[in-house]
Each structure stands twice: as C-alpha cells, then as structure tokens.
Amino acid sequence: PTLRYVDRPAVYTVRVHNPGPAPANNVQVLDAIPPGFRFVEASGGGTFDSASRQVAWFVGRLEANTTAEVGVQLIP
C-alpha cells in the first residue's frame, strides 16, 4: 500500500516471474523487512529470520513464462 497508518497491518505481495524458455528449479524468494516494520506472518510457507530481518520462501520449480506470488503481512 502507498499509505498505511502506524500500528495497522499491511499485506505486501511479492511476485517472481520466469521469462525464460525453460523451467527454473529450486527458486527461492527473499524479502528484507525494513526498519520500523514488525513481521506478522507470511503466506505460502514463508519463514521469518529475526536476526537478518528477512522472510524466505521456497517456490521450487517455476515453469517457463509463469509467475509465482507470495505475501507478507507487516505492521509499520
């Protein structure tokens, strides 16, 4: 969201796209949580590492010309 009030949850969607002609295997998505935000939850089996302030998802195989979406809920 472009505007979010403090202490109200916001959901962010991360998209990864494989534009190539062949499948991509072992695809991982990492998202850094900026300072001033608290992690609430991640969709699609995402895990939060509080030491590095990153959320990680294992997407696995991403077929050619397809997109995968994962989400994270944060509180500013």
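Q: What is the relative accessible area of H17?
A: In this predicted model, residues are numbered from 1 along each chain as its sequence is written, and local features need pLDDT of at least 70. Side-chain atom pairs count only at pLDDT 80 or more, while totals for chains, interfaces and linings use all residues, and side-chain values use heavy atoms, with hydrogens and water left out. The scale here calls a residue buried under 20% relative accessible area, exposed over 50% and partly exposed in between, using a 1.4 Å probe on protein chains only. H17 counts as partly exposed because its relative accessible area is 41%.

Q: Which strand holds H17?
A: Strands are DSSP runs of E with at least two residues, helices are runs of H or I with at least four, and both are numbered from the N terminus. By that count, H17 sits in strand β1.

Q: What is the length of the polar contact between the side chains of H17 and T67?
A: H17 touches L62, N65, T66 and T67, leaving aside residues up to four places away in sequence, where a contact is heavy atoms within 4.5 Å. Polar contacts are pairs of N or O atoms within 3.5 Å; within protein, one must be able to donate a hydrogen and the other to accept it, and residues adjacent in sequence count only if both atoms are side-chain atoms. The H17 side chain reaches the backbone oxygen of T66 at 3.2 Å. Its side-chain contact with that of T67 comes in at 2.6 Å.

Q: How many bridges join β1 to β6?
A: Two strands pair if DSSP finds at least two bridges between them. β1 (residues 10-18) and β6 run antiparallel, and V11 has Q73 as its bridge partner in β6. On the tally for β1 and β6, the number of bridges is 9.

Q: In β6, which residue is the bridge partner of F39?
A: Strand β3 (residues 38-42) pairs with β6 in the antiparallel sense, over 4 bridges. For F39, the partner in β6 is L74.

Q: How many of the 10 residues of β6 are buried?
A: β6 covers residues 66-75. It is largely enclosed by the rest of the structure, because the number of its 10 residues that are buried is 7.

Q: What is the strand order of the open sheet of 3 strands?
A: Its pairing is antiparallel, and the edge strands are β2 (24-32) and β4 (47-49), each pairing on one side only. β2 and β5 (residues 54-62) share 7 bridges, with Q28 partnered by F58 in β5. Written out, the order is β2-β5-β4.

Q: Which element gives the largest share of the largest nonpolar core?
A: A nonpolar core is a set of buried Ala, Val, Leu, Ile, Met, Phe, Trp, Tyr and Cys residues joined through side-chain atoms within 4.5 Å. The largest one has 7 residues: V29, I33, V55, W57, V70, V72 and L74. Two or more residues come from each of β5 and β6. The largest share, 3 residues, is given by β6.

Q: What is the mean pLDDT of the protein chain?
A: pLDDT is the predictor's confidence in each residue, from 0 to 100. Here 99% of the residues reach 70 or more. Averaged over the protein chain, pLDDT is 94.
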